[in-house]
Structures are given as structure tokens and as C-alpha cells.
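Visitor: I would like a close look at one part of this model. Please take the salt bridges, and show me where they sit.

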Amino acid sequence: MTASDVPQPGARPAADGVLDLRPPKESLRAELCRLGLEYSSTDAADVESWRDYQRGVLATFDDSGTSVKVTDVKTNLGRTLTLEELKAVTRIDTMTAAD
């Protein structure tokens, strides 16, 4: 089995000819997508990072995958949020972009 054969978190088998690659609706990944972030990388320590380059936001998963630290990349100010806390966020303001 190669790395490409290992199912990714959130990827579900094809049903009725449709391969659904969206993250589960009740997940940190779905909330990050809703807020405009996109997957960036996973480092050697298996820390997954998501970014919104236009707003200057970096989100990194904790070791357990149950929370993410959302950080302004210009100021390095951030906050760690659980899924429930992230669901309540409607906008992320940074030094780069504020609505």
C-alpha cells in the first residue's frame, strides 16, 4: 500500500458514481474552508497548516486534531479554538485585512 492509497481524513468512498472529497460538515476543516482558508502543508511533525494568504491568516492543528490555532502572520497574535468556538466566528480581521 502506498501513501496515495491511504484514505485521507474526510474523503469518503464513491457512492452512486460521486467521489465526495469535501470534509465532513461538522469538522474543523469544513469551518476553515467556510472562513476562506485553504490547506497549505503538513510538516515533518504531522502538523497540518491552513492559510488565507490575502488576509494573512495561518491556522495550525494541535496534536490531537481537536482544535486549531488561528494566527495573524504579521503580528503573530493568535487564539486556539475548538470546533464549537470556530463555528461562532463570522470574520477574521488581521493587520493585513479588516472588513
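Guide: What follows goes from the whole chain to the charged pairs.

The model is predicted. The protein chain holds 2 helices and 5 strands. Along the sequence they run α-β-β-β-β-β-α. Of the 99 residues, 31% are buried. The chain exposes about 6900 Å², and carbon and sulfur atoms supply 53% of that area. Among contacts between residues at least 6 apart in sequence, 30% join residues at least 24 apart.

Now the charges. Side chains of opposite charge can pair when their charged atoms come close. The cut-off used here is 4 Å from a Lys or Arg side-chain nitrogen to an Asp or Glu carboxyl oxygen. By that rule the count is 8 salt bridges. Three of them are described below, along with a network.

Start with the hairpin that precedes the last helix in the chain pattern. Strand β4 covers residues 67–72, strand β5 covers residues 78–82, and the two pair antiparallel over 5 bridges. V68 stands opposite L81 in β5. Between the strands lie 5 residues, and in this hairpin N76 takes a positive phi near 60°.

R79 falls within the span of β5. Its side chain meets that of E85 in a salt bridge, at 3.7 Å from N to O. That distance counts because the limit is 4 Å. R79 is exposed, at 52% relative accessibility. E85 is partly exposed, at 33%. The label differs because exposed requires over 50%.

Next, helix α2, residues 83–87. Here E84 forms a salt bridge with K87, and the closest N and O atoms are 3.5 Å apart. Why can these two residues be discussed as a helical pair? They are 3 residues apart in α2, so about one helical turn separates E84 from K87. E84 is exposed, with a relative accessible area of 54%. K87 is partly exposed, at 29%. This pair also belongs to a wider set: E26, E84 and K87 are linked in a network of salt bridges.

Last, R91 and D93. Their side chains meet in a salt bridge at 2.8 Å, N to O. R91 is partly exposed, at 44% relative accessibility. D93 is partly exposed too, at 39%. Neither value is under 20%, so neither residue counts as buried.

To recap: the pairs are E85 with R79, E84 with K87, and R91 with D93. E26 joins E84 and K87 in the network.

Note on methods: Residues are numbered from 1 along each chain as its sequence is written. This is a predicted model: local features need pLDDT of at least 70, side-chain atom pairs count only at pLDDT 80 or more; totals for chains, interfaces and linings use all residues. Side-chain values use heavy atoms; hydrogens and water are left out. Buried means under 20% relative accessible area, exposed over 50%, partly exposed in between (1.4 Å probe, protein chains only). Helices (H or I, at least four residues) and strands (E, at least two) are DSSP runs, numbered from the N terminus. Two strands pair if DSSP finds at least two bridges between them. Contact means heavy atoms within 4.5 Å. Accessible areas come from the Shrake-Rupley method with a 1.4 Å probe; for residues, only the protein chains shown count as cover.
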